[in-house]
2 protein chains.
Amino acid sequence: MKSERMSAGRPRASSRDTIEEAAAELFLEQSYHGTTIEEITQRAGVSRATFFNYFGSKSDLLWIDADHAIERLEELVESGKPLRAALASVAAEVGPERVPLAVTQSDAMGTRDELVASGLVRVARVAALLRSALPQEAGEGRHSLALNVRANSLAGAVVAAWGSWIMGGIDRAPLADYLRDALALVQLEQ
Amino acid sequence: MKSERMSAGRPRASSRDTIEEAAAELFLEQSYHGTTIEEITQRAGVSRATFFNYFGSKSDLLWIDADHAIERLEELVESGKPLRAALASVAAEVGPERVPLAVTQSDAMGTRDELVASGLVRVARVAALLRSALPQEAGEGRHSLALNVRANSLAGAVVAAWGSWIMGGIDRAPLADYLRDALALVQLEQ
DNA sequence: GGGATTGATAGACTCAGTCCAGAAAATGAT
DNA sequence: ATCATTTTCTGGACTGAGTCTATCAATCCC
C-alpha cells in the first residue's frame, strides 16, 4: 500500500507525514478554523501548492484515520472476505488512540456544517460499500428498496457503534465490542 | 409559517422566491457549478449581499424542498405526534414533483463531494431528530449505543425509501408507500 | 549527456462566504 | 410632520479554499 515504486521520476519528499504533523499541531494550538492551509504548509516547510498534491481538501486532514479504516474495509471486502468478518477485522485493528482529529476538534464540528458534511461523506462511502457487498436476494435488482434499506441501516449501526465508542472516553471497551453489540441489534440480513 | 409580521422595519421585497426561481433557471441552463451566486442575484435583480440574507450557502438552493419536509417533520414531532405517524404524514404531503434540484443536478452530484455532503447534512439532521423522538427504554441513557443504533438505522431506512422513490421516475408510487415498506424492514422499535 | 517521467514550486485566478458601514423603507411616538 | 427606531437592501472590501498553468528539480533509463 505504501510504496511499491522504484520507477522513474523525482521521488516524493517526506512531505505527506510532515504536513499531517504540522496540521495536527496547529489544530491543537489554534483550532481547525483558525488555521489556514498556508500556515500548515509553512510549518511543514513545503509550498502551498504541494498540499494539494497530497490532500484533496483541508477537511481531509480531519479524517485520515477514518479514511484508512475505510480503505482497509474496501480491501478486505474486495478480497472476498465476508462482510461481518471484514467489519470485525477492521474494528479490531483500530486502537484506542485512533480518534480522528475531527472529533478532538468537535467544538468546531458542532457549529460548522462543513465538518459534519466532510464526516458524512465517509458515511456515504461506507454505505455504498455495504450496498455492494451485501448479498442480493433472489430476483432483487441493484436498486431494490430492500437492499438499500439493509445497506443504510447497517451503515447507521456501524456509525452508531463508532460514535458511541468515541464518546466512551479513553477507558472505553474496544471498538470491536461496540460493533458486535450494534450489529446484533440489526438482524436484517443473514 | 410564512409571515405573521406587521411590525416595524423595512418590509422584505419578494426577493426569496425571485432568487429561487432565478437559480432554478440558471442551474438548468448552466448547471450548478457553472453558475455563480453573482449570476443568480443579477438575474433576480438583487444584490449579492442579499443572497446571504436568505440562504446560508449556495448549496441550500438544492435542498429547499427537502429542508421544508424536515421542518414539517420537526414541527409534527414537537407537537407530540408519534414518530411513525409523523413520518407518514410528511411523506403523504410530498407530491411527485417535489424532487429537489440536487437530484436533477445529479451529474454534478456524482462527481462533487460538496453536493453529496450538503445532502448528507440533511440526513444527519433527520437522524438527530429521530434520536430525540425515539422512545427511550428503561434505564437507557441519552447516549446509549442501542438508542443510537435505532435512530441511525431508522434514518438509513427513511433515506433509502426516499432515494428509491426518486429513482422510481415520474410514474412511481407515492413516497408514503416506499416509506411504509422501508419501515417494515426495520422492526427495531415499538 | 539526453530524453522521459514525476514531484515541487510560484503565482495568478475564481468564487464562496464574512463583515461592515451606510442608504432605503417602513412603524410608532411626540 | 418630524424624529427615533427597526429591519432590509446594497456596495465594497476582505479572507481563504481550491484550480490551473508554466517552470524548475530530481530521478531513471538509454
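## Starting at the DNA

Which helices each supply at least two residues of the surface near DNA strand C? They are α3 of chain A, together with α2 (37-44) and α3 of chain B. Bear in mind as you look around that this is a predicted model. α3(A) provides the largest share of that surface, three residues. Altogether 22 residues sit around DNA strand C, and those that come nearest are A:Gly9, A:Arg10, A:Ser47, B:Arg10 and B:Ser57. By type, the residues of this surface split into nine nonpolar, eight polar and five charged.

Now turn to DNA strand D, which has 23 residues around it. Here the closest are A:Arg10, A:Ser57, B:Gly9, B:Arg10 and B:Ala49. Two or more residues each come from α2 (37-44) and α3 (48-54) of chain A and from α3 (48-54) of chain B. α3(B) gives the most to the surface near DNA strand D, with three residues. That surface is made up of nine nonpolar, nine polar and five charged residues.

## How the two chains meet

Chains A and B touch each other too, with 30 residues from chain A and 30 residues from chain B in the contact. On the chain A side, the elements that give two or more residues are α8 (113-133), α9 (145-167) and α10 (175-185). The largest share comes from α9(A), with 15 residues. Sorted by type, this side of chain A has 20 nonpolar residues, eight polar and two charged.

How do the copies line up? Chain A superposes on chain B by a rotation of 180° with 0.0 Å of shift along the axis, at an RMSD of 0.1 Å. The two copies are thus related as by a two-fold rotation axis. If you want to find that axis in the model, try A:Ser153: of the residues of chain A, its C-alpha comes closest, at 1.9 Å. As for the interface, 100% of the interface residues of chain A are also interface residues in chain B, so the copies meet through the same surface.

## A look at helix α2

Back to α2(B), whose buried residues are B:Ile40, B:Thr41 and B:Ala44. These residues cover an arc of only 90° around the axis, so they lie on the same side of α2(B). The cover over them includes α1 (15-30) and α3 of chain B. Right after α2(B) comes B:Gly45, with a positive phi near 75°.

There's another positive phi in the loop between α1 and α2 of chain B, where you'll find B:Ser31. B:Ser31 has a phi of about 80° although it is not a glycine. B:Ser31 counts as exposed because it has 12 other C-beta atoms within 10 Å. Over in chain A, A:Ser31 also has a positive phi of about 80°, and A:Ser31 is found in the loop between α1 (15-30) and α2. Buried or exposed, then, is A:Ser31? It is exposed, with 12 C-beta neighbours inside 10 Å.

## How far to trust it

Chain A has a mean pLDDT of 84, and 87% of its residues reach 70 or more. Within chain A, confidence is highest in α2(A), at 97, and lowest in helix α7 (residues 106-111), at a mean of 50. Residues 1-5 of chain A stay under 50, and the model has zero contacts for them beyond four places in sequence. Where pLDDT is low, the predicted coordinates should not be read in detail.

Technical notes
Residues numbered from 1 in each chain as written. Chains lettered and ligands numbered in written order. Predicted model: local features only at pLDDT ≥ 70, side-chain atom pairs only at ≥ 80, totals over all residues. Contact = placed C-beta atoms within 7 Å. Helix = DSSP H or I, 4+ residues; strand = E, 2+ residues; numbered from the N terminus. Nonpolar A, V, L, I, M, F, W, Y, C, P; charged D, E, K, R; others polar. Least-squares fit on C-alpha atoms with pLDDT ≥ 70 in both. Near = placed C-beta within 6 Å. pLDDT = per-residue confidence, 0-100. Buried ≥ 20, exposed ≤ 12 C-beta atoms within 10 Å, placed from the backbone. Arc of directions from axis to C-beta.
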